[in-house]
Amino acid sequence: AIGSFKEYVVVGRRLPSEKEPKPKLYRIRVFTPNEPIAKSKFWYYMSRLCNVKRANGEVVSCNEVKDKSPTQVKNYGVWIRYDSRSGHHNIYKEYRELTRASAISACYQDMAGRH
């Protein structure tokens, strides 16, 4: 479906060098429609937070996370920060969904309709 998100865990690091033969691993959990966008988000945050560009690093793994019990309805809480014409806003919303990824999809749909 359009606008449906999947949960990915991306692990990456800076390329090994003589100065740093075993670089530190960095992991991020992202909600994206597919794997290439998950890797792109990983490099977006790595370049800003860890000062590592895509040319100087590598993705070690990119795995989709599946829910343990996708048939059981659960409550999920989401902290959101968004910008509006009047400034920055932090909000907390709860969604009742089957999976964490579907809760994030519902959050995107909700925010697209209201803000």
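This is a walk through a predicted model, from its hairpin to its cores, its main pocket and a few single residues.

Let us start with the strands. Strand 4 and strand 5, the latter covering residues 87–97, pair in the antiparallel sense over 11 bridges. A hairpin of 2 residues joins strand 4 to strand 5. If you look at the pairing beside that turn, Ser-84 stands opposite Gly-87 in strand 5, and Asp-83 stands opposite His-88 in strand 5.

From here we can move to the nonpolar interior. In soluble globular proteins, nonpolar side chains tend to be buried together. In this model the largest nonpolar core has 13 residues. Those with the most contacts inside this core are Phe-31, Val-78, Ile-80, Tyr-95, Cys-107 and Met-111. Two elements give two or more residues to the core, namely strand 4 (74–84) and helix 2 (100–114). Helix 2 provides the largest share, with 6 residues. A second core lies apart from this one and has 10 residues, including Tyr-8, Ala-38, Trp-43 and Met-46.

Tyr-95 is a good place to pause in the largest core. Leaving aside residues up to four places away in sequence, Tyr-95 touches Lys-74, Asn-75, Tyr-76 and Val-78, and also Ala-103, Ala-106, Cys-107 and Asp-110.

Next comes the open space in the model. The largest pocket has a volume of about 650 Å³. Its lining is made of 21 residues, and those nearest the pocket centre are Phe-31, Val-78, Trp-79, Ile-104 and Tyr-108. Which elements each supply at least two residues of this lining? They are strand 2 (25–32), helix 1 (35–49), strand 4 and helix 2. By class, the lining residues divide into 15 nonpolar, 2 polar and 4 charged. Phe-31 and Val-78 deserve a second look: they are among the residues with the most contacts inside the largest core, and they also appear among those nearest the centre of the pocket.

Three single residues round off the tour. Ala-101 lies in helix 2. Is Ala-101 buried or exposed? Its relative accessible area is 14%, so Ala-101 is buried, given that the cut-off is under 20%. Not counting residues up to four places away in sequence, Ala-101 touches Phe-5, Lys-6, Glu-7 and Phe-31. Asp-83 is 18 residues from Ala-101 along the chain, and the C-alpha atoms of these two are separated by 23 Å.

Pro-33 sits in the loop between strand 2 and helix 1. With a relative accessible area of 38%, Pro-33 counts as partly exposed, because that value falls between the 20% and 50% limits. Beyond residues up to four places away in sequence, Pro-33 touches Ser-4, Phe-5, Lys-6 and Tyr-8. Phe-5 and Lys-6 are therefore touched by Pro-33 and by Ala-101, while Tyr-8 belongs to the core of 10 residues. The C-alpha atoms of Pro-33 and Arg-96 are separated by 20 Å, and the two residues are 63 apart along the chain.

Finally, Asn-51 is found in the loop between helix 1 and strand 3 (57–64). Most residues other than glycine have a negative phi. Asn-51, by contrast, has a positive phi, near 60°. Its relative accessibility is 65%, so Asn-51 counts as exposed, the limit being over 50%.

Methods. Residues are numbered from 1 along each chain as its sequence is written. This is a predicted model: local features need pLDDT of at least 70, side-chain atom pairs count only at pLDDT 80 or more; totals for chains, interfaces and linings use all residues. Side-chain values use heavy atoms; hydrogens and water are left out. A nonpolar core is a set of buried Ala, Val, Leu, Ile, Met, Phe, Trp, Tyr and Cys residues joined through side-chain atoms within 4.5 Å. Buried means under 20% relative accessible area, exposed over 50%, partly exposed in between (1.4 Å probe, protein chains only). Helices (H or I, at least four residues) and strands (E, at least two) are DSSP runs, numbered from the N terminus. Contact means heavy atoms within 4.5 Å. Two strands pair if DSSP finds at least two bridges between them. On a 1 Å grid over the protein atoms alone, a cavity is a set of points where a 1.4 Å probe fits but cannot get out, and a pocket is an open set with protein on both sides within 12 Å along at least five of seven lines; lining residues have an atom within 4 Å of a point. Grid points are joined across faces, edges and corners, and a volume is the space filled by probe spheres set on the points. Ala, Val, Leu, Ile, Met, Phe, Trp, Tyr, Cys and Pro count as nonpolar, Asp, Glu, Lys and Arg as charged, and the others, Gly among them, as polar.
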